[in-house]
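Here are some short exercises to work through with the structure in view. Try each task yourself before you read its solution.

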Amino acid sequence: MALPWALAVLSLLPLVGAESSECANMTGTPITNATLEMLSGKWFYIASAFRHPEYIQWAKLAPSAVVYLTPNQTENVVYFREYITLEDKCLYNSSHMQIQREKGILSRNDPGVQYSAYLVPTKDPATYIFAYHPEDKEKIGLSLYANTSQVTPEQMSEFHEASKCLGFEVSEIISTDETKSLCGPLEQQHEEERKKKLEEAAQA
């Protein structure tokens, strides 16, 4: 299963053209170096809303997920490491995404398939939103990430508004619960290994 924020995205323009001006930011903005600097680091998957039954089922079975993003502005890529608790397992994956700066899209290619996510700007740099399949009412969706496992009412309210812009009801939003994460030990092990490698490299 692909990342919830790594589904095919084309453009939000056809969808939001008929929306009110307060939904205008759902078209996204070009990705700048400043944007990439803000994306760098550890992010918690907070909530999502999907139309496609497969993605809804995935969200219900994944109570927790975190992702580490490491942008490389020169290469125009974002390296990532993800830890997803799926039912009673911890799933780990690492790869990279291409940056389509002008379109505001992060994408990656698997054999025969391109996955991408449209980065939607938020008022608070401590959160970001990805939108998916805005051109397809049967698959449309979005997800919220934050740099802490708990968000403020204001941060969640902004996600509610974004969901509303895409035609979702608040009752359709599926929230996560970081206390149910099973990935803590593996995440800690990887962090210790990374620190050891960095120390060895500095001493070389």
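**Exercise 1. Find the residues between S5 and S6, and the glycine in their turn.**

Solution. Keep in mind that this is a predicted model.
Step 1: S5 and S6 make a hairpin, and two residues sit between them.
Step 2: Look in the turn for Gly112, whose phi is positive, about 80°.
Step 3: Now follow the strands themselves. S6 covers residues 113–120, and it runs antiparallel to S5, joined by six bridges.
Step 4: Pick out one bridge pair: Ser107 is partnered by Ser116 in S6.

**Exercise 2. Describe how S4 pairs with S5.**

Solution.
Step 1: Locate S4 at residues 89–100 and S5 at residues 105–110.
Step 2: The two strands pair in the antiparallel sense, over three bridges.
Step 3: Check a facing pair: Leu106 in S5 is opposite Ile99.
Step 4: This hairpin has four residues between its strands, and Gly104 takes a positive phi near 70°.

**Exercise 3. Work out which residues of helix H3 are buried, and what they pack against.**

Solution.
Step 1: Buried here means under 20% relative accessible area. In H3 (residues 53–61), Tyr55, Trp58 and Ala59 are buried.
Step 2: Viewed down the axis of H3, the buried residues fall within an arc of 95°, so they line one face of the helix.
Step 3: Turn to the face directed away from that buried side, where you meet the exposed residues Pro53 and Lys60.
Step 4: The buried residues of H3 pack against three strands: S1 (41–50), S3 (77–86) and S9 (174–175).

**Exercise 4. Find the disulfide and say which parts of the chain it ties together.**

Solution.
Step 1: The count is one disulfide. Cys90 and Cys183 are joined, with S to S at 2.1 Å.
Step 2: Cys90 belongs to strand S4, while Cys183 is in the loop between S9 and helix H5 (184–203), so the link ties together parts 93 residues apart in sequence.
Step 3: The angle about the S-S bond is 120°, and the link of Cys90 and Cys183 is right-handed.
Step 4: Are the two cysteines buried or partly exposed? Cys90 has 27% relative accessibility and counts as partly exposed, whereas Cys183, at 2%, is buried.

**Exercise 5. Summarise the whole protein.**

Solution.
Step 1: Count the elements: there are five helices and nine strands.
Step 2: Along the sequence, they follow the pattern α-α-β-α-β-β-β-β-β-β-β-α-β-α.
Step 3: Of the 204 residues, 43% are buried.

How values were computed. Residues are numbered from 1 along each chain as its sequence is written. This is a predicted model: local features need pLDDT of at least 70, side-chain atom pairs count only at pLDDT 80 or more; totals for chains, interfaces and linings use all residues. Side-chain values use heavy atoms; hydrogens and water are left out. Buried means under 20% relative accessible area, exposed over 50%, partly exposed in between (1.4 Å probe, protein chains only). Two strands pair if DSSP finds at least two bridges between them. The arc is that of the directions from the helix axis to the C-beta atoms. Contact means heavy atoms within 4.5 Å. A disulfide is a pair of cysteine sulfur atoms within 2.5 Å.
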